[in-house]
Amino acid sequence: VGYQSPYTSETWEWDGIAWQQRQSANSPSPRRDFGLAYDAMRQRTVLFGGTESNNQPRNDTFEWDGTDWTLRTPVHVPPVPLNSSDGVLGYDPQRGIVLYQYSAGSYQTWLWDGVDWTQFAPGSQTQFTGIAWDPAGQRFVGHSHWGSGVLCELTATGWVSVPIAGCSMAPPAGELVSLPGQGMLVCASPT
């Protein structure tokens, strides 16, 4: 599964040294702009959504167990995003859930527990370009490079904007990655 033209349904794994292509009996349809997060508690990689080559957005859920992809059929499913590239996924190791945040007319936050999706209310006031679990603060952190840049943390009552200490510029576009052993987050950008 990846961002290529033409679209493919290939699966690749990183073993710490090199990328290895994996063959499986089942796989998601070829797509790009999907969300991907590793659920360490259940030892599954969760894939949600994306866009197929005909520009058809998807809102399906697949899980990779290291051998094969399984299409999950939850009772509740987040609506199809307005723009498939808007969605970001992150993993909460304390609760063993995957969090998905995206825009479907309004910004929404959904939680995947391995069985079903649950909408978390309220959503945020901004679209995040990256999201990750903050091991030091024990919470989700989302960031957006849109406008002047926003950093938010997820509390029990919703997303709260927080100042970016010691930073006078917006975080770069890209992904947030959690480094639990070092108690920090890293924002990586391709530019």
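Which residues form a nonpolar patch on the surface? Select W12, W14 and W19: these three make up the patch, and together they have about 410 Å² of accessible area. Keep in mind as you click around that this is a predicted model.

Stay on W14 for a moment. You'll find W14 in strand β1, which covers residues 11–14. W14 is partly exposed, with a relative accessible area of 48%; the cut-off for calling a residue exposed is over 50%.

Now for the aromatic pairs. There are seven of them in the structure. To see one, select F48 and W117: their ring centres sit 5.1 Å apart and their planes meet at 65°, so this pair counts as edge-to-face. Next, colour strand β5 (residues 44–52), where F48 lies, and strand β11 (residues 117–120), where W117 lies; the pair therefore ties together parts that are 69 residues apart in sequence. Are these two buried or exposed? Both F48 and W117 are buried. Add Y100 and W112 to your selection, and you have one aromatic cluster made of F48, Y100, W112 and W117.

Time to go inside. Select V88, I97, L99, L111, F120, F128, I131, W133, F140, C152, L154 and W159, and you're looking at the largest nonpolar core, with 12 residues in all. Show the strands too: β9 (97–103), β12 (130–134) and β14 (150–155) each supply at least two residues of this core.

Last stop: another core, of 11 residues, lies apart from that one. To find this second core, select some of its members, including A37, V46, V98 and W110.

Terms used
Residues are numbered from 1 along each chain as its sequence is written. This is a predicted model: local features need pLDDT of at least 70, side-chain atom pairs count only at pLDDT 80 or more; totals for chains, interfaces and linings use all residues. Side-chain values use heavy atoms; hydrogens and water are left out. Rings of Phe, Tyr and Trp (its six-membered ring) pair if their centres lie within 6.5 Å; planes under 30 degrees apart count as stacked, over 60 as edge-to-face and the rest as tilted. Helices (H or I, at least four residues) and strands (E, at least two) are DSSP runs, numbered from the N terminus. Buried means under 20% relative accessible area, exposed over 50%, partly exposed in between (1.4 Å probe, protein chains only). Patches are made of residues with over 30% relative accessible area and no salt bridge: like charges are joined within 9 Å, nonpolar side chains (Val, Leu, Ile, Met, Phe, Trp, Tyr) within 5 Å. Accessible areas come from the Shrake-Rupley method with a 1.4 Å probe; for residues, only the protein chains shown count as cover. A salt bridge is a side-chain nitrogen of Lys or Arg within 4 Å of a carboxyl oxygen of Asp or Glu. A nonpolar core is a set of buried Ala, Val, Leu, Ile, Met, Phe, Trp, Tyr and Cys residues joined through side-chain atoms within 4.5 Å.
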